[in-house]
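Dear colleague,

I am handing over the structure below, together with some notes on what was found in it. Please read the notes with the structure open beside you.

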Amino acid sequence: MYFPTSAARQLLTVPALPDVTPEPVLCFEASPRKSLFCLLTRSSLTVWRVRPSAPLAHISRAETSLLEHGDNTAVTWSPDGSRIVIQTTMSYLILVTVDYVPDASVYQSSHMGPSVQRNFLPGPGEGIPLQSLSLALEGVICTEGQVLSVSPRKNCIIFSTSSPPSVQRIPWPVYDESDIEEQTARRSLMGHDTWILNDHELPWLLDPDVTVTKLLQHSISGVETWITSDGRAYFVRLQESRYSENVSELDEEETEKSSTSNLANGTSIDSSGSQPHYHWEGTCIHDFDVPRWVQKQRSTDDGSGQSSSTYIEPRRAMAVAVNTRFSLVAVGTQNGSIEFTSFPTPDEPTPIPKVIDIPNPYNRLSGSVTAMEWSSDGYVLAVGWTHGWAIFSVGGRCLASSFGVEDHIDGDRFQDTFMHAVENLFWAPGNFELVVLTPSGIKPDGQVFVLPFAKSATTCQHSPDNTRYAFLQMDDRALVYRGAEQPDMSVINPESDVWQHIKIPQSYLATNWPIKYSALSSDGRLIAIAGRRGLVHYSSTSGRWKIFSNIVQEQAFTVKGGLLWFHHVLIVAVEISKSYQIRLYSRDMELSNQNVLHREVLMSPVIILSLVDNSLLVYTADNMLSHYLIIPTADTIKLHLCGSITFDGIIASPSAVRALSWMIPNTQKRLGDPVDDLAVATVLMVVGGQLVLLRPRTSGTQEVNYDMQIFAERIEFCWIHLRGIGALENSLWGYDGQNMRVWLNALAIESSGSADEPSSVKESVSIPLDFYPLSVLMDKGIIIGAEHEAATRMNLSFVMFRHATSSHLFLHHVLRYHLESGQVKEAVTLAKHYQHLVFFAHALEILLHTVVESECTVDSEDPSTSASPESGTLTAVIEFLDHFDASLDVVVGCARKTEMTRWKRLFSIVGNPHALFETCLASKRLKTAGSYLLVLHNLEQLDENNKDAVRLLKCAVKAQDWQLCRELLRFLHSIDDTGKALRHALSETSLVAQKRVMVP
């Protein structure tokens, strides 16, 4: 769903300042809000703006400071973005304050006239003035021990050391002495603490003889992970406890002695002498078995006191990325592999990791994993290796990768060094760009690249209308797939240009970048876009955008929860002045507060909106599902609240809900009161990666309970088809990163009265795909998707990225399911809806070929299971094909594409090929008869005089099908080198006498 596009931008990282010595960039770090990032060199620090990409502030350390405290090695931001902590080679922590100067300007632009200024319009996100920053050295912290990793927190700094192996915590400096109470509270809660890594302090460590090499904290959820020196990874949490003895009675000297004594014994005490005490709790999330010979060698070395050669564990963790939206942990290892693991639960066994398949067609060296980061929506993971990079979906699908350049390039001119190695990376706001740092090369400048991406609109808002069409959004435009409106052959032709590019107004994107939500109408003609503030909408019929004429009204609200089209009315969930509303706008009216059709005030922010017929479903952060009826009136349209129901005890985390729909029984639709819809509705949700169906069950107290059925885990997207064709009606389609999984008739709720009904719905079809699906064209029988392509040229210094459209027929998969179940009648009914398609016969041929190959494979593997000619799926397929005129063409087409060893099984059920040849002659299907002629020849069923070939040649001459005549003459010449058969055929048909024909 994420595809690299266009070409990467290279940033010149050396500041344009006097007396600045160019130095290679050691590392970079994004600010908590991802709007800024800092570059660290050996002696300097530079803060950049992400959009527009420009340096805002620069600070250099003096040579005296470098000699006294050491060179820079690593950098991290404080959670509020007001401080930057620099780690040095001599284990000093240098604190740099980031002050925002509101009235100052970073750059002075030259004055341009109106005519010239029109040629220099700001791009997306470039309309907001660059905010001035000031970097200042706050102080230097001398630590005890060799610092390995630093993790700043809101009120303290946590870091790990190697000598001694410990985790330490120190408070931020406090300068305001006037607020005595706040200062005392901060000191009592955040005093200096030290935890020694041993069995007493941290008993949950699998190997206590380690150090913590990386301290990582997820900025949104607060989940913290440790990577230890033995290569294991842990979820950790700092918990508060209390001493049993009254420490506060100790005087200062006794406290000092007690602190020193406890530190030597491996325990910790708050230096302030207060009651609270903190300890670490942890759970291992990445473990492996160390070989026995290594364990034995280590025990021998410990006894002798001599060190042995270091054993490098291939599965040792190098990087960890936490995905709270899907409850998933990604671990990058020493040998370059990627492992996905579910969050551990207290009462369940440790989840088994899933090793992700990394495509490497040329078997190039990838190296160890250097960096990993999930996108903010949780759908994709960016991975960097010492020799490449890749993008993976949450289900493990590789969307793009590179371990070097495939084509020949000019090494001296080529600039895109990220194609060969990546040291660090992070996603920019909106996830439309990936910022990448490459290792230092020959030139010390240009190590930072920005890769643009196109992503599916369903990553922002998973609504049925957005999944009905392939709908992509880029940094400055929307892409809508229009192949469904094209002829059949254009749909399956990958070279067809079937994407409509719709540019978003520059005036809106300049100040409201990035795009947060995109919505498409049910007919694909109306588009709505919401950025940082306000919204705009577009009609492909008129080709015009509508924007707010009043900028103050536009900037007063932000879309939060999504937006949907109901015919020409746009339904929007907004947040304005810390209050929450649902607003209705008309496409036919200008955008303004005066033209809002309806306002519905809510008590909680909206998580997701969904539209089913004229019912609006609103799921809010307080775990409530509300049902509104959309009621048109004479002069406007409004919402009527029909009811609400809570999902407390069912949905643990409301923010994890990504898709929502429901099904109402037909009786309730026709005769029931809409107020009762919630009590009888079957609710479908995607919660995290789980596809969940909730069926209502009313107890004796009239309280509604739900029977939950989980269809599948790690589902990335789902397609709901309540109005399908035949058995595809009420079908549910889900993609898990590898296969398209289909549950036929899963959403039919009329017969769900029995208690065991929820468990009866099983997966019907699993369709493997070699591309990423974007839409299911139900009326075409095709799945549409995309895959990335990278192109290089010898005369270009950069790589060009694009996404190519791909398609896959799903019709034969569904038909095979029916036929394997003995449902021939249902298969015929379904196929008749598609027999008008140009590629219908091709789909039937694929069906027959797949069944023939699978049955022959089973027979060869286990002869005892060989089915009789009258049994098996193949018999049902042949019976099914007899209902269509293309059956004779399908059978012979399949036979010619199948090995001859399969023909015996095929024609034992279809019938004698000679009889089929006669049927073709009788029905004037001469080309099909010609194909059967080849089958008869290979089966040695032609006589010496080739009477069947001569008969067919006479019919072709009579029909004046000269192309078929040429092919038959070539056939006769190929089976008899003497030419006797050819001369006999010519004499029988008197074809030579016709001067218009050229005999080969």
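I begin towards the end of the chain, where H21 and helix H22 (residues 980-989) pack at an angle of about 145 degrees, with 7 Å between their axes. Please keep in mind throughout that this is a predicted model. On the H21 side, the residues that meet H22 are Leu969, Leu972 and His973, and their counterparts in H22 are Ala981, Leu982, Ala985 and Leu986. Sorted by class, the residues of this contact are 6 nonpolar and 1 polar, with no charged residue.

A second helix pair is formed by helix H16 (residues 887-896) and helix H19 (residues 926-938), whose axes lie 10 Å apart and make an angle of about 35 degrees. The contact draws on Leu888, Asp889, Val891, Val892 and Arg896 from H16, and on Thr928, Ser931, Tyr932, Leu934 and Val935 from H19. Here the classes come to 6 nonpolar, 2 polar and 2 charged residues, and the crossing of H16 and H19 is left-handed.

H19 deserves some further words. At 1.5 Å a residue, its 13 residues should span 18 Å, and because the C-alpha atoms at its ends are 19 Å apart, the expected and modelled values agree. The buried residues of H19 are Leu926, Thr928, Ala929, Gly930, Ser931, Tyr932, Leu933, Val935 and Leu936, and these buried residues pack against H16, helix H17 (903-910), helix H18 (913-922), helix H20 (947-958) and helix H21 (962-975). Just after H19, Glu940 takes a positive phi of about 60 degrees.

Stepping back to the protein chain as a whole, its secondary structure comes to 22 helices and 55 strands. Of its 1000 residues, 52% are buried. If one takes the contacts between residues at least 6 apart in sequence, 57% of them join residues at least 24 apart.

Two strand residues may be worth finding in the viewer. Glu339 belongs to strand S21 (residues 338-342), and with a relative accessible area of 2% it falls under the 20% limit, so Glu339 counts as buried. Its side chain makes a polar contact of 2.8 Å with the side chain of Arg315. Leaving aside residues up to four places away in sequence, Glu339 touches His286, Arg315, Val329, Ala330, Val331, Thr333, Pro353, Lys354 and Val355.

The other is Val383, found in strand S24 (residues 380-385), which has a relative accessibility of 0% and therefore counts as buried. With residues up to four places away in sequence again left out, Val383 touches Ile338, Val369, Ala371, Met372, Gly388, Trp389, Ala390, Phe392 and Leu425. Val383 and Ala319 are 64 residues apart in sequence, while their C-alpha atoms are 9.5 Å apart in space.

A further pair separated in sequence involves Glu826, which sits in helix H13 (residues 824-832). Glu826 and Gly726 are 100 residues apart in sequence, and the distance between them is 7.8 Å, C-alpha to C-alpha. As for its surroundings, Glu826 has a relative accessibility of 40%, a value that lies between the limits of 20% and 50%, so Glu826 counts as partly exposed.

Finally, some backbone details in the loops. The peptide bond from Arg51 to Pro52 is cis, with omega near -5 degrees, and Pro52 is placed in the loop between strand S5 (44-49) and strand S6 (54-60). The peptide bond from Trp513 to Pro514 is also cis, with omega near 5 degrees, and Pro514 lies in the loop between helix H8 (506-512) and strand S33 (517-520).

Positive phi values in residues other than glycine can be seen at Lys578, where phi is near 60 degrees, and at Arg714, where phi is near 55 degrees. Lys578 is in the loop between strand S38 (569-576) and strand S39 (579-586), and its relative accessibility of 77% is over the 50% limit, so Lys578 counts as exposed. Arg714 is in the loop between strand S48 (704-712) and strand S49 (717-721).

With kind regards

Technical notes. Residues numbered from 1 in each chain as written. Predicted model: local features only at pLDDT ≥ 70, side-chain atom pairs only at ≥ 80, totals over all residues. Heavy atoms only, no water. Axes fitted to C-alpha atoms, helices over the stretch in contact; angles between N-to-C directions. Helix = DSSP H or I, 4+ residues; strand = E, 2+ residues; numbered from the N terminus. Left-handed = near helix turned anticlockwise from the far one by under 90°. Contact = heavy atoms within 4.5 Å. Nonpolar A, V, L, I, M, F, W, Y, C, P; charged D, E, K, R; others polar. Expected span 1.5 Å × (residues − 1). Buried < 20%, exposed > 50% of the residue type's maximum accessible area, 1.4 Å probe, protein only. Polar contact = N/O pair within 3.5 Å; in protein donor to acceptor, adjacent residues only side chain to side chain.
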